[in-house]
Amino acid sequence: MITDNQLKIKIDILTNKLKAGLFEDVITEAKGLLKKRGHQIIYNIISIAYQSLGKFDLSVNIMEEALKKNPRNPYFLNNMGISKHKLEILDEAEYYFKKGLEIAPNYINILNNLANLKKDLNQFDEAIVLYKKSLGINKISNEIQFNLATIYITLGKFNDAEFHLNKILENNPKATEADRLISSFTKYSQDNEHLKKMIKKIEEKDLNKNQLIHLHFALGKAFEDVKKYENSFKNFNRANQYLSEIIKYDIRYDVEKFIKIKKTINFISNNKIDKNLRQLIFIVGMPRSGTSLVEQIISSHSNVFGGGELPYLSNILHEGIFDNKNLANIDNNKLNDLLKITQGQYVSKISKIDSSDKMFIDKAPLNFKYIGFIKKIFPNSKIINCNRDPIDICWSNYKNFFSGTLPFSNNLNDLASFYALYQNYIKFWKELFPNEIYDIVYEELVENPKEEIKNLLNFCDLRFEENCLKHENNPKSIKTASWVQARKPIYKSAIKSSDYFKPYLGELIEKIKN
């Protein structure tokens, strides 16, 4: 048995290693310490280390052990809720957060985490109430101010968002992520005060790499607004160079994934579920190809719910099918059962967002990788493939920040290669599933909206409604980089928007042409 003083010293060491990112060391040492002294802090340290490594199932396991010892520990309940949320077991995540609040009603971390869950479930009013309660407890918390700002942005309430982002900058002028978000919905003029502050901030040269990434993206947007295209490109380029150094993307990973997907679809080539549990629309395509606009248009229909950009399909397919090492040895009956389970898991998750009988839209663009599996698992689903001028697509990806979720977007050569890979996917799926994919071209939609929207709705087996011509009135949330553009009436200025930057895009243009 170790003494309290020895325990405190060891916990301090573990905490410092946790901060330094030495997660594997922390887990090994903390488990050893746990055998000598089963203190609650040690359980939490192990849980957080597993979460930091993305091993949320192991975090759940250690918290289950901890909760057997003390089922009313709010720290345990909070960590369990976080892990369940990350594992997309949303009902259980909410249960643990709410149980924690019964015990500690003002525990700010649980309030904030429950609000994050509510936001993911599109329950925005409840999320805002929880965030505001958190702010009442800690008015200077930049994390809560940031969460409130992002929820207001997704709802198109930009004045409210700016209020909270400015609060963050008052507390910490180096919180440049707030600058970047302000820039996303600001139309700059040369004498704009925020632009002047950002220029001064970059000239002071006392920011770290992550802070510089956000500020360079913000300045790139601002200089584009004031038509200083060379300065704009330099800032976007610098931001992406920094991101590339951090992410270290290799296009070969995505090429190998395509090969694996083509092999995997062969295992279920003779299998297909008879019907959907729910009518679904999947909107796919390259990011920045008009997917948000198309979702806004279709979800303006009275019989459609827009679910936004969801991670569920990819995660479920990987867990149940792609990572199943026995797939080649499973007989047809068991394969059919697997497909039914997969469909049920997906429908269960989206039902947490909307449980009505409306058609449901999933607008995760990269689901183009899984079109064949969609048609096998959801045979009655509608698949809409969005396309746009490839240079405009690649440039629009390059000038937007995606926090590492689209790692190919930080290098123009990678973008050209990934666009070619996207085209190969679409060609592959069309050969296997002819007439199952509806192509819509952004430029044609903008030039002739009424006819294109009628054709789009007809493909979805939806009657025409005038609301779909006024998508800018659609109050649904937009959680993507298109939160400003997709709320505007259809406009033509985005066509060939990359032309202003052509002097700097020669290599990209040449690679796309070839």
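**Figure 1. Two strands and a helix come together around the largest cavity.** Strand S4 (382–387), strand S5 (437–441) and helix H22 (442–447) each put at least two residues into the lining of the largest cavity. Keep in mind, here and in every view below, that this is a predicted model. The lining is made up of Ser 289, Gly 290, Val 294, Cys 386, Asn 387, Ile 440, Val 441, Tyr 442 and Leu 445. Sorted by class, that gives 6 nonpolar and 3 polar residues, with no charged ones. The volume of the largest cavity comes to about 40 Å³. A search of the whole structure turns up 1 cavity of 30 Å³ or more.

**Figure 2. Helix H16 is a buried helix.** Helix H16 covers residues 291–298, and 8 of its 8 residues are buried, so the helix is largely enclosed by the rest of the structure. Look for Thr 291, Ser 292, Leu 293, Val 294, Glu 295, Gln 296, Ile 297 and Ile 298, which are the buried residues here. Val 294 should look familiar, as this residue also lines the largest cavity.

**Figure 3. The second largest pocket has a mixed lining.** This pocket has a volume of about 430 Å³. Its lining counts 16 residues, and those closest to the centre are Leu 87, Glu 88, Ile 89, Glu 319 and Lys 349. Helix H6 (90–103), helix H17 (312–322) and helix H18 (332–351) are the elements that give two or more residues to the lining. H17 has the largest share, with 4 residues. What is the make-up of the lining of the second largest pocket by class? There are 5 nonpolar, 4 polar and 7 charged residues.

**Figure 4. The largest nonpolar core is built from 116 residues.** Leu 165, Ile 321, Tyr 346, Phe 373, Trp 429 and Leu 505 have the most contacts inside this core. Helix H21 (residues 412–432) gives the most to the core, namely 11 residues. Zoom in on Ile 321 and, setting aside its neighbours within four places in sequence, you will find contacts with Thr 264, Ile 316, Leu 327, Leu 338, Leu 339, Thr 342, Phe 373 and Ile 377. There is also a second, separate core of 26 residues, which includes Leu 7, Tyr 43, Ala 49 and Ala 66. As a rule of thumb, nonpolar side chains in soluble globular proteins tend to be buried together.

**Figure 5. A salt bridge sits within helix H11.** Glu 177 and Arg 180 pair up, with their closest N and O atoms 3.4 Å apart. The two are 3 residues apart in helix H11 (residues 176–184), so about one helical turn separates them. An α-helix has 3.6 residues a turn, so residues three or four places apart point the same way. Are the two partners buried or exposed? Glu 177 is partly exposed at 30% relative accessibility, whereas Arg 180 is buried at 12%.

**Figure 6. Asp 461 and Lys 382 form a salt bridge between parts distant in sequence.** The closest N and O atoms of Asp 461 and Lys 382 are 3.0 Å apart. Asp 461 lies in the loop between helix H23 (449–459) and helix H24 (506–513) while Lys 382 lies in strand S4, so the pair ties together parts that are 79 residues apart in sequence. Asp 461 is exposed, with 60% relative accessibility, but Lys 382 is buried, with a relative accessible area of 16%.

**Figure 7. Here is another salt bridge, plus a network.** The side chains of Asp 250 and Arg 252 meet at 2.6 Å, N to O. Asp 250 is partly exposed, at 31% relative accessible area, and Arg 252 is exposed, at 55%. Elsewhere, Glu 94, Lys 98, Lys 118 and Glu 126 are joined in a network of salt bridges. The whole structure has 28 salt bridges.

**Figure 8. Ser 134 is a buried serine in helix H8.** This residue belongs to helix H8, which runs over residues 124–137. How accessible is Ser 134? Its relative accessibility is 0%, so Ser 134 counts as buried. Not counting residues up to four places away in sequence, Ser 134 touches Ile 108, Leu 111, Asn 112 and Ile 144.

How values were computed
Residues numbered from 1 in each chain as written. Predicted model: local features only at pLDDT ≥ 70, side-chain atom pairs only at ≥ 80, totals over all residues. Heavy atoms only, no water. 1 Å grid on protein atoms, 1.4 Å probe; cavity = no way out; pocket = protein on both sides within 12 Å on 5 of 7 lines; lining within 4 Å. Points joined across faces, edges and corners; volume = space filled by probe spheres on them. Nonpolar A, V, L, I, M, F, W, Y, C, P; charged D, E, K, R; others polar. Salt bridge = Lys/Arg side-chain N within 4 Å of Asp/Glu carboxyl O. Buried < 20%, exposed > 50% of the residue type's maximum accessible area, 1.4 Å probe, protein only. Core = buried A, V, L, I, M, F, W, Y, C linked by side-chain atoms within 4.5 Å. Contact = heavy atoms within 4.5 Å.
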